[in-house]
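Let's take a walk through this protein together, from the whole chain down to a single side chain. Have the structure open and ready to rotate.

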Amino acid sequence: MATGDRLVAPPLWPLEARLAALLPDLLVFRKPRGSEPELATAQGVLLGVHVTGFTALMDRFSLSCKSEHDMDKLAHIFSYYISDIVEHVLCFGGDILNITGNVLLALWTVEQNQLSDIITLVAKCSLEIQEKFGIYHTREGQDLQLKIGLSAGRISQVIVGDEQRQYLLVIGRDVDGVQLAQRLAQANEIVLSWNCWKLCEQYMFEVEIMREDEAVKVGACSHPLNLRDMRISDPFDFDEHFDKCLDYLPHYRTSADILRTALELDPDSALEQTLRKHIMKSLLKKIDEGQPMEYISEFRTVTTVLVSLELHKTEWMLHLCHLIQEAALYISTVIEKGGGQLSRIFMFDKVSTKEFDTSALKGCMFLCVFGLPGDKKPDECAHALESSFSIFSFCWENLAETKLVSISITNGPVFCGMVGAIARHEYTVIGPKVSLLARMITAYPGLVSCDEVTYLRSMLPAYNFKKLPEKMMKNISNPEKMYEYLGHRRCIMFGKRHLARERNQNHPLLDREKELEAFQMAQQRCLHLKKGQAVLYEGGKGYGKSQLLAEINFLAQKEGHRGLPVTTVTFIRVLPLKLKEADSKQCFYAIQTLMAIFFEIDTCPACYRQECLFKQLHGMVEEPLHCLFNDLFFVKAVRETPLIFLIDEAQYMDAASWEFLGTLLSSVPIIMVMTLTPTFTLCGWAQHFLQSPQAILVPISKLAETSLLRMACWELGVVSIPQELQM
């Protein structure tokens, strides 16, 4: 259990309470106004708590961890530590706005004439937090410490989104103030923004002015920070002051048994629908299924995207809100179409939240995640890159106030789950790969950049990337290779021969006799009738299409197999190719690659391709005609050598290649074996190809349970599986 025993919600909590525990009171008790963006302004005091040392601890874990258990342990340490701080803030009447990585932001919303009293309350809360939780010693030797910033004044609350998904932001000068105070604070320090200092009861604090008109530090340099830094003298009674402040906080708990009144609300379907808009769909699904909170957390590999928009300063708050609204709607639409989710939006001005160390920028950030439960796709990295480039282009071309657009993408294992206390927690992603995102934004501004893992796993053409120069990044001891993604570019290129899977000699193919028979019949018809034949295997993902193709590849190259006499076939040429989604956008990609394999120039260096092609064509085509092969590597199949095309994931073939293969099928005696996934809509030329009398569509069904059990035994290296473990 990744989050420890602290985060176990009562099993009888109603749905509204489970939703409310994930959201601040600001959302639970608000009255929706209808259209977005929604802008409201109030007076309040902000408390920002930054857990320093956590990024270094993550880096240490990433270098030394040997299993998921180690990263799970890291999440446990952080969640257990942060839960105490969350509960302490709630006891003082604070509203936890968000827990973003290693930063907690809380708000006390009051009237302007109550600010000074509440600042005293929040300062006392901060001092107690530093005294009780200021230093946490881990067994790994990396201490966790706290840096606290306070700000007070006018806070603007903005809700952007649509009817399906909405996001809360707090913006304004005093939000910038708490970020500045947090940045100026050192470990175990409390810093007040200048406006907060002006509004508080100054005689009660011992302070050190850090920067004129910017911030003050609570406590003198001569002694450690403690409660004496609030010079509370008789007849001041803090308990009496606390009771006075409770009159300003209408949603403070009414029972000692529960920390938030938001968890005691009566069932309300309208409220439920409103709250659901602020929670990610993957998490909502788990809540609707009744999964306990402690089992929602997990360690999984995801692709994370950070979009940073540096905006020109604008004095018109509503204009800024509409700008963020436009960006949020486009980003969420594109990300969801690619199989990801927009996790959160947050503002920064001069300084950012400390999870994302981008102190030189001003603007808005959007954190997106691909690969959460229910969203996992095989082309996850490619989707993330393509979505990011679409967002990059849109923001540059359509958002007039955009000064700089920067996007970073990483792929790797992270903790995805609940962080916080029972009464208030959030679903978040934590890990070295998440922290790396903002380091990349700082190191490579104005680009769509990605780490090496994303580059390799995307399987996109190399010419769509540019290797970036190595740069030092904060808290990154061994920076990996970074690449700029340039988007899809028209380039005459071809891929390399390969199939998704290799034949396993120890595990025979199960229950596919009918499918193999279709290939054998097509092979015989091609040999005897001297006409092209095509077999297309159609089935869902995980049905074993690639494994079937690997078996056919083996059989096709084996002399005298399956009853065919050795004298009939002396040699068979097999051209294997696996396509990706990106290949469908490049005209003639499939044909160019197949012909490059045919002429054996796919494996030779580019500088030798002309010489290699000359050798292949010598004696077959007159030399003055060799130039015809510059753009398309094709020649009529050699009649003495039967030719077989094996194309995996043929639904990704470009239209021009489908048209060409249709012509080839009707005029040349070759065999084409392809696999298709039925969920994709095929282009017109592909459908025309399927209607050819020489093409056979063979549906692939699921394997029988007995065959699945045999496969499971092979994979596990066991003889049998107990009945109680079988599905």
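What follows goes from the overall chain to its cavities, then to one helix and one glutamate.

Keep in mind from the start that this is a predicted model. The protein chain runs to 727 residues, of which 57% count as buried. Its secondary structure comprises 21 helices and 22 strands. If you look at contacts with a separation of 6 or more, 76% of them are made by residues 24 or more positions apart. On the outside, the accessible surface comes to about 32600 Å², and carbon and sulfur atoms account for 52% of that area.

Now let's look inside. Rolling a probe the size of a water molecule over the atoms shows where empty space is left. In this structure there are 5 cavities of 30 Å³ or more, and the largest cavity holds about 640 Å³ of space. Its lining is made up of 34 residues, and those closest to the centre are L97, N98, L168, R344 and E426. You can find your way around the wall by its secondary structure: the strands β2 (95–100), β3 (103–110), β6 (166–171), β11 (340–349) and β14 (425–430), along with helix α6 (173–184), each contribute at least two lining residues. What is the make-up of the lining of the largest cavity in nonpolar, polar and charged residues? The division is 21 nonpolar, 9 polar and 4 charged. Both domain 1 (15–278) and domain 2 (280–491) take part, each giving at least three residues to this lining.

Next, move along the chain to helix α17, which spans residues 589–598. How many of its 10 residues are buried? The count is 10 of 10, so to speak a helix that is mostly covered. The run goes from Y589, A590, I591, Q592 and T593 to L594, M595, A596, I597 and F598. To see what these buried residues pack against, bring up the strands β19 (573–578) and β20 (643–648) together with helix α19 (655–667). Following α17 you will meet E600, a residue with a positive phi, near 60°.

Our last stop is E380, which lies in helix α12 (residues 380–398). Is this glutamate buried or exposed? E380 counts as buried because its relative accessible area is 7%, and the cut-off for buried is under 20%. Leaving aside residues up to four places away in sequence, E380 touches T301, V302, T303, F370, G371 and N411. Showing those six side by side with E380 is a good way to finish the tour.

Terms used: Residues numbered from 1 in each chain as written. Predicted model: local features only at pLDDT ≥ 70, side-chain atom pairs only at ≥ 80, totals over all residues. Heavy atoms only, no water. 1 Å grid on protein atoms, 1.4 Å probe; cavity = no way out; pocket = protein on both sides within 12 Å on 5 of 7 lines; lining within 4 Å. Points joined across faces, edges and corners; volume = space filled by probe spheres on them. Helix = DSSP H or I, 4+ residues; strand = E, 2+ residues; numbered from the N terminus. Nonpolar A, V, L, I, M, F, W, Y, C, P; charged D, E, K, R; others polar. Domains from an automatic or database assignment. Buried < 20%, exposed > 50% of the residue type's maximum accessible area, 1.4 Å probe, protein only. Contact = heavy atoms within 4.5 Å. Areas by Shrake-Rupley, 256 points an atom, 1.4 Å probe, with all protein chains shown as cover.
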